[in-house]
Amino acid sequence: MLNFYSLLPFSALLTNLVFGIFILYIDPKSRLNRLYSLFTLSFAFWALGDFMVFMAYDQGSSLFWAKAASVGSTLSAAFAINFFVLLTKNRLANSKLMLLFYVPAAAFSLLSLGTDLITKGTKPVPWGLLQLRGPLYIPMTLFIVACMVASIILCYMYYRRTEKQDERKQMRIMIIGTSIPLFGGIVTQIVPIIMGFEMIPLSSTLSIIIVVAAALGVMRYRLMTPVSFSIRKKIIVSIMVASIIPLLMLSHVSISSISSLGLMHTEHMDTISNFSINETVHSLEALGAEMVKQKAFDVSNQIGIFISKSPQMTEEQMKNNAELASIAVQRVDKTGYTAVHNNKGINLFHSNPNIIGSDLTKLNLTGFREIVQKSLSQEAYGYYDWKESDGSIRQKYMHCVPVKMTGLVVCATTYIDEFSEPSDAAMKRLNNATKQHILDEKDVQAALLVTIGAMLIPMVAIMIIITYLLTGALSKPILKLTDAMKKISGGNLDVKIEVKEGDEIGQLASSFKQMLEELKTSKIKIEEHSKTLEKDVEDRTSQLEDKVSELERFSKLVIGRELKMVDLKKKLKEVEDKLKSKENK
């Protein structure tokens, strides 16, 4: 039934479902993302089982969902420990020893679905229906607790091992986020078993904390940041989250309303059937009382007529008169009868010979003596308890009528349950009809739920298709602009931009075209200026070359003259030296 408690696992279902699908969508190739999604989706399945137990309208369906919740809890424990092993870079991440966690989880899941060793039933409690635990429930719970404790230990060991402050902060978040649901699960699902009281289970609801903590704690490991998260993906995720969550909420309200209406209708059926049966019983009792009264008056009149024919008959003669005895003792309905006593309460005629002659005013029967005493002076009637030969007590109804002018009193009596025999048969038929109606109503509810599911799936599929097409229409012109930008950055300014949208993207494309035209104009100007500059450079280079040639010629001329002067000086020096040598001789 719909109440505050049913919203707790439903909120956990939505949170786990959104996080699991979102993380898997943004980077499905990451092993860490896949494990995160597996353990959040198994948490979601656990929460779904708890939610459906709250919403179940009979113990059969609630037992099925309770077993499904047990499967989700064991699988979530195995996926969680594997996730934490990978997150903390433990050497077991790629080891076959991880099977030590998956084998028990698979075994407990199969035992939960196929046997009553973990969940053997459900029982009504103030907040809905509660799981009846089987002999292996405690071992399964201890396995889940062991996995969570091992996860906390892994985070603590990594916290001590790493020297990076960011990773230490992340591990603190993980330890706190895992400890809170672990503590809540122990308090709400283990302590009540030990202490012998019942408490609403909150483990699946508290799984929200560990899921959010895990997402926040591993952001630097790129769990929340994909390698490539395009604008199209962002739009798809935003639209899907904004649309699917209201659809799920609407489905929750619809299912709750159907269940509530079914329960209310069943209660109304019970109320109407009980009212009808009670009214029928009252009517039959009134009719039976009237029949008993009429029988008492008939016998009284018959005895009066008989005695009027022999007015001198004594009481002793009356007792010995067989004809009068046959008149006085007559059958009433199936087992009832009439009897006669005098105005002193002494029985004269009775179907039981042992009662004839006894003082009826001294019989210690609840209600009987009061009726008899009142009948000694006037008409009397009422209910009393009659003790059977086997010691059991059955209620009877008696109506007493005085026989005029005789001192005799005729009493007609019969068992009350004979009045209600027709109503008992009607009650059985009505109960059978009510049960059949409830079964038919459950079939209708199941058909409605299937219809809602059948409508929800195409709606989600259509929404996905529309979202895909819409995001394609939005992202296609952006992708065209991006592709054009890449070509332009490669030097190709002859790119054609074919974006015809009239919205902001169209404005962006127009601005982009204008920028491209300006780039082309700038390029032409630069090319023209470059050509002019090259010609000027060539002219100036030619002039420089001519001057250099002249300088080279002048330099050669000067150098030649210098060389001749040097040579001349050498020759003069030689002549001078020769003249000096001749003078010395």
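Across the whole structure, a search finds 13 aromatic pairs, where rings of Phe, Tyr and Trp (its six-membered ring) pair if their centres lie within 6.5 Å. One of them joins Tyr36 and Phe39: the ring centres are 5.5 Å apart and the planes stand at 80°, so the pair is edge-to-face. Planes over 60 degrees apart count as edge-to-face, those under 30 degrees as stacked and the rest as tilted. This is a predicted model, in which local features need pLDDT of at least 70 and side-chain atom pairs count only at pLDDT 80 or more, while totals for chains, interfaces and linings use all residues. Residues are numbered from 1 along each chain as its sequence is written, and side-chain values use heavy atoms, with hydrogens and water left out.

Tyr36 and Phe39 both belong to helix H2 (residues 31-55), and because they are 3 residues apart there, about one helical turn separates them. Helices (H or I, at least four residues) and strands (E, at least two) are DSSP runs, numbered from the N terminus. Tyr36 has 0% relative accessibility and counts as buried; Phe39 is buried too, with a relative accessible area of 0%. Buried means under 20% relative accessible area, exposed means over 50%, and partly exposed lies in between (1.4 Å probe, protein chains only).

Phe39 also forms an aromatic pair with Phe83, a tilted one with 5.2 Å from centre to centre and 45° between the planes. Phe83 lies in helix H3 (residues 59-87) and Phe39 in H2, so this pair ties together parts that are 44 residues apart in sequence. Phe83, at 0% relative accessibility, is buried as well. These three residues are part of one aromatic cluster, made up of Tyr36, Phe39, Phe43, Trp46, Phe83 and Phe84.

The next topic is helix packing. Helix H4 (residues 99-114) packs against helix H5 (residues 137-161) at an angle of about 150°, and their axes are 11 Å apart. That makes H4 roughly antiparallel to H5. Axes are lines fitted to C-alpha atoms, for helices over the stretch in contact, and angles run from 0 to 180 degrees between N-to-C directions; over 145 degrees counts as roughly antiparallel, under 35 as roughly parallel, 65 to 115 as roughly perpendicular and the rest as oblique. On the H4 side, Phe101, Pro104, Ala105 and Phe108 meet Pro139, Met140, Phe143 and Cys147 of H5, contact being heavy atoms within 4.5 Å. The residues of this contact divide into 8 nonpolar, no polar and no charged. Ala, Val, Leu, Ile, Met, Phe, Trp, Tyr, Cys and Pro count as nonpolar, Asp, Glu, Lys and Arg as charged, and the others, Gly among them, as polar.

Further along the chain, Lys169 lies in helix H6 (residues 165-189) and is partly exposed, with a relative accessible area of 46%. Its C-alpha atom is separated by 8.3 Å from that of Tyr159, 10 residues apart along the chain.

Two loop residues have a positive phi although neither is a glycine. Asp333, with a phi of about 60°, lies in the loop between strand S3 (331-332) and strand S4 (336-342), and is partly exposed at 33% relative accessible area. Met405, with a phi of about 65°, lies in the loop between strand S7 (393-403) and strand S8 (408-415). Met405 is exposed, with a relative accessible area of 85%.
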